[in-house]
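The report below is written for a reader who is meeting a protein model for the first time. Please keep the sequence and the 3D view open while reading, and look up each residue as it is named.

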Amino acid sequence: MGRQQEWHHTARRRRPLRAGVLIAGLGVGTCLIGVAGLAVWNAQVVLQSDGPVRETADRFFRDVAAGDTDAAYERLCAEARGRWSKAGFGSWVRTPPQVSGYEIVDVSVATRSGKPTGTVIVRINRDGGGSEERELPIVSEGGSWRVCGDPF
């Protein structure tokens, strides 16, 4: 009679190319997730630094509009305080038409030469109904943000 055929397990073909593509795809996916995470972290750092810059400009103009020129002077950077004395700054701010109100229009934060700097666009309202938009530079100095440049 006939012999029974032995059972054979067919050999599976190896597919090294498919395994390589799979490993490379996983590596690229991991890198993309890392890059996306880094981008989100950087965006949070920039957006969170927007708050202190806005607050510095807000406090400065609140002091100016209230007539507290001594407090506003203390919010100036060293360079700006070097250009004006406290009394000179006070008389300059009180020169008509005086600031009666303000509105912060835009805030941006960037890093220039390794130092964080901010720029605030503010609409200044003056006595008599006039208004103007000014660009106010804000710099990090001594661990806090300070108004620099010519605010008026």
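Two strands are said to pair if DSSP finds at least two bridges between them. With that rule in mind, one can look at strand E2 and strand E3 (residues 131-141) in this predicted model, which run antiparallel and are joined by nine bridges.

**Overall layout**

The secondary structure of the protein comes to four helices and four strands, and, read from the N terminus on, the elements follow the order α-α-α-α-β-β-β-β. The protein has 152 residues, of which 25% count as buried. Its accessible surface comes to about 10600 Å², and 55% of that surface belongs to carbon and sulfur atoms. Among the contacts between residues at least 6 apart in sequence, 48% join residues at least 24 apart.

**The strands**

Strand E2 also has a partner on the other side of the sequence, since strand E1 (residues 99-112) and strand E2 (residues 115-126) pair in the antiparallel sense over twelve bridges. Single residues can be followed across these pairings: Ser108 has Thr119 in E2 as its bridge partner, while Gly118 stands opposite Ile138 in E3.

Which residue takes a positive phi in the hairpin of E1 and E2? In this hairpin, which has two residues between the strands, that residue is Ser113, with a phi near 55 degrees. The hairpin of E2 and E3 has four residues between the strands, and there Gly128 takes a positive phi near 95 degrees.

Strand E1 also contains Val99, which counts as buried because its relative accessibility is 7% and buried means under 20%. Val99 and Ala66 are 33 residues apart in sequence, and their C-alpha atoms are 8.8 Å apart in space.

**Charged side chains**

Side chains of opposite charge can pair when their charged atoms come close. Counting a salt bridge as a side-chain nitrogen of Lys or Arg within 4 Å of a carboxyl oxygen of Asp or Glu, the model has ten salt bridges. Three of them are set out in the table, including the distance from N to O in each case.

| Salt bridge | Distance, N to O |
|---|---|
| Arg75 and Asp63 | 2.9 Å |
| Glu74 and Lys86 | 3.1 Å |
| Glu79 and Arg83 | 3.7 Å |

What does the salt bridge of Arg75 and Asp63 tie together? Arg75 lies in the loop between helix H2 (69-74) and helix H3 (78-83), whereas Asp63 lies in helix H1 (residues 16-66), so the pair ties together parts that are twelve residues apart in sequence. Asp63 is buried, because its relative accessible area is 13%, whereas Arg75, with a relative accessible area of 26%, is partly exposed.

The side chains of Glu74 and Lys86 meet in a salt bridge as well, and this pair links distant parts of the chain, with Glu74 in helix H2 and Lys86 in helix H4 (residues 86-93), twelve residues apart. Glu74 has a relative accessible area of 39% and is therefore partly exposed; Lys86, at 36% relative accessibility, also counts as partly exposed.

The pair of Glu79 and Arg83 sits within helix H3, and because these residues are four residues apart there, about one helical turn separates them. Glu79 counts as exposed at 54% relative accessibility, while Arg83, at 44%, counts as partly exposed.

Elsewhere, Glu103, Arg123 and Glu133 are linked in a network of salt bridges.

**The nonpolar core**

In soluble globular proteins, nonpolar side chains tend to be buried together. The largest nonpolar core of this model has 25 residues, and the members that touch the most other members are Val53, Phe60, Leu76, Phe89, Val120, Leu136 and Ile138. Two or more residues of this core are given by each of H1, H2, H4, E1, E2, E3 and strand E4 (144-147), with the largest share, five residues, coming from H1.

Phe89 is a useful residue to select in the 3D view. Leaving aside its neighbours within four places in sequence, Phe89 is in contact with Phe60, Thr69, Ala72, Tyr73, Leu76 and Trp84. Of these, Phe60 and Leu76 are also named among the core members that touch the most others. Ile138, which stands opposite Gly118 across the pairing of E2 and E3, is another of those members.

How values were computed. Residues are numbered from 1 along each chain as its sequence is written. This is a predicted model: local features need pLDDT of at least 70, side-chain atom pairs count only at pLDDT 80 or more; totals for chains, interfaces and linings use all residues. Side-chain values use heavy atoms; hydrogens and water are left out. Buried means under 20% relative accessible area, exposed over 50%, partly exposed in between (1.4 Å probe, protein chains only). A nonpolar core is a set of buried Ala, Val, Leu, Ile, Met, Phe, Trp, Tyr and Cys residues joined through side-chain atoms within 4.5 Å. Contact means heavy atoms within 4.5 Å. Accessible areas come from the Shrake-Rupley method with a 1.4 Å probe; for residues, only the protein chains shown count as cover.
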